[in-house]
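Please explain how the interior of this protein is put together, taking its disulfide and its nonpolar cores in turn.

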Amino acid sequence: MRPTTAPSVLAACLAAAAGSAEAAQNFLVDSLSFGYSGRINPQGQQSVPGFSLQGQPNTPEILSNKVILTQPSPGNARGAVWGDNPNQYNQWVADVDFRANGPERGSGNFNIWLVRQGAQAVGSASIYTVNRFEGLALVVDRYGGGAGMIRGFLNDGTTDYRTQSSVDSLAFGHCDYSYRNLGRPSQIKLRQEHNSFKVEIDGRLCFETDKVSLPSGYNFGITAASADNPDSFEVFKMVVMTENLGAQGGAPPSQQNQGQQQQQQQQQQEQVVINRGGYNSEKNMPRGGNGGNEPFDDAIPDQSADSIVSTKAQFADLHNRIQSINHHLSTIFRTVAAHGTMDEKRHEETSSSIHDVKMLLNKLDRLEGLQNQLSTFERDMNNFRNDVTRKIADSEANIKRLLGDSHGTMLEHVAVQTAPKHGTLIFVIIGTQIMLVAAYILYERKKTSPKKYL
C-alpha cells in the first residue's frame, strides 16, 4: 500500500512546501515598478511604462537606464514621475536608486511620495511647495546647510505645507546622509511591514517607527526640484515588491479564488527577475523568512526509517524536509545575489580606480612632454649664452684693437706737433741780441752828437 500512496504524498508535500515558502517571499509588482531590468523602457521608447511624467520648464529626459528629473542647467527646474496605478498592498517594499550631481554649492531636493491621487495633489511640487496631501513624503536635501539629510513627513490631508512657517519641524524621522557627487547611485528602501515602517539607505537603517501604517490605494511618485545653483537628480529604478500578490487591500489569501491563486502564482514565477546589469543592485529573488542572508539553524535531525510507521508521519517528515530544503535554497539564492551585488560594486570601484590611474598616466605623459620642452629650453639658453659670450669677446677685442691704433697715432701726432723748433729759438735769441745792439748804438750816437742851440 505504501508504494501506491508515495507519489500522492510527495505531491502533497511539495504543494505544502511551496505554499509555506510563498508566504516568506517578496515578488515584483510590475505595474508599480520601472528600471528593474536595467532599462527604463524595454522597447526603447521615450516613455516609462505605467508612469506619467511632469516637469517645469521641461519634461524629464528619459535615457536608456535612467530618468533625469532636473538637468544641470537651467536652475529652478522641477521634474516628477508618478505611477498610474495605486498601490493595493498593505505590506510592501519600495526600492529607489537615485543620484545627485552638481557644483560645489549646488542645492535642491529629492522627494519620494506615497500619496492619494499624487499626480493631481502633488504634481511636480516639493515638500516646501506642496499644499494639502494625504500620505507620506520622504525628502532628501541639504537641510541645515549640512552634507545631506533624509527626513520623513506625514499628512492626513488637513495640513497645508506651503503655508507652514517651519516645515522642517513636521518631520517624524530623519538621518544624516551625504548624497551629492558620490559618483554612484544611492539606494533608498521603504519597508511597510505588519507592525513597523522602516527607511534604509545603502543597506543600513536610517529610521524606523511602529506608529506609521500606510493604507492601500495610494500612488507612488518621485519629484525633484533644483535651485539657482542647480543639482541634477537622476532616477535609475523604482521597484515595488510584496510578499503576496493576491493579498490586495489587506484581504487574506483564503478569500481569493483557487484558480486565481494558481494564475497569480504562475505570474509570480514569471516576474522573479534577476538584474543583469546597470546600476540596479537589487536582486529580485525570493527572500526567506529570516530577513537576512544568515543560514537556517532549524536543521531536521536524522531519523531511522523504522520510526516512520504511518502515512501521516511520512507526510510530516517529507513536508518538513522539503520545506527545509526550500529555505536553504532561498538562502543560497540570496547569498549568490548578495555576492553578485558585491562583485558589481567592486567591479565599478575597480573600473573607477583604473580610470583614475589612466588619468594619472595621461598627466605623467604631459609631464614628460613638459620635461622635454624644459630640456630644449635649457639647451637653447646655453647656446644663447655661448653666443653672447663669444660676441662680447669679439667686441672687446675689436675695441682694444681700435683704441690701440687710435692711441698710437695720437701719440705720434702730439710728439710731432708739440716737439720744440730749435731754429726758431735761435733766430729769436740772435734777433733779440741784434736788436739790443742796434738800440745801444743808436743811443750812443745820439748821446755824442753836438747839441744845437737856437
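A disulfide is counted here when a pair of cysteine sulfur atoms lies within 2.5 Å. By that criterion the structure, which is a predicted model, holds 1 disulfide, formed by C175 and C206, whose sulfur atoms are 1.9 Å apart. The torsion about the S-S bond of C175 and C206 is about -105°, so this disulfide is left-handed. The pair links distant parts of the chain, since C175 belongs to strand β10 (residues 173-176) and C206 to strand β13, with the two positions 31 residues apart in numbering. Because buried means under 20% relative accessible area, C175 counts as buried at 9%, and C206 likewise counts as buried at 11%.

From the disulfide we can turn to the nonpolar cores. In soluble globular proteins, nonpolar side chains tend to be buried together. The largest nonpolar core here has 45 residues, of which W92, F110, I150, I188, L190 and F197 touch the most other members. Several strands give two or more residues to this core, among them β7 (108-115), β8 (134-141), β11 (186-192), β14 (219-226) and β15 (232-242), while β6 gives the most, with 5 residues.

F110 offers a closer view of such packing: leaving aside residues up to four places away in sequence, F110 touches L69, V96, F98, L138, V139, V140, I222, T223, A224, F233 and V235. A second, separate core, made up of 14 residues, includes W82, A125, A137 and V167.

Terms used. Residues are numbered from 1 along each chain as its sequence is written. This is a predicted model: local features need pLDDT of at least 70, side-chain atom pairs count only at pLDDT 80 or more; totals for chains, interfaces and linings use all residues. Side-chain values use heavy atoms; hydrogens and water are left out. A nonpolar core is a set of buried Ala, Val, Leu, Ile, Met, Phe, Trp, Tyr and Cys residues joined through side-chain atoms within 4.5 Å. Buried means under 20% relative accessible area, exposed over 50%, partly exposed in between (1.4 Å probe, protein chains only). Helices (H or I, at least four residues) and strands (E, at least two) are DSSP runs, numbered from the N terminus. Contact means heavy atoms within 4.5 Å.
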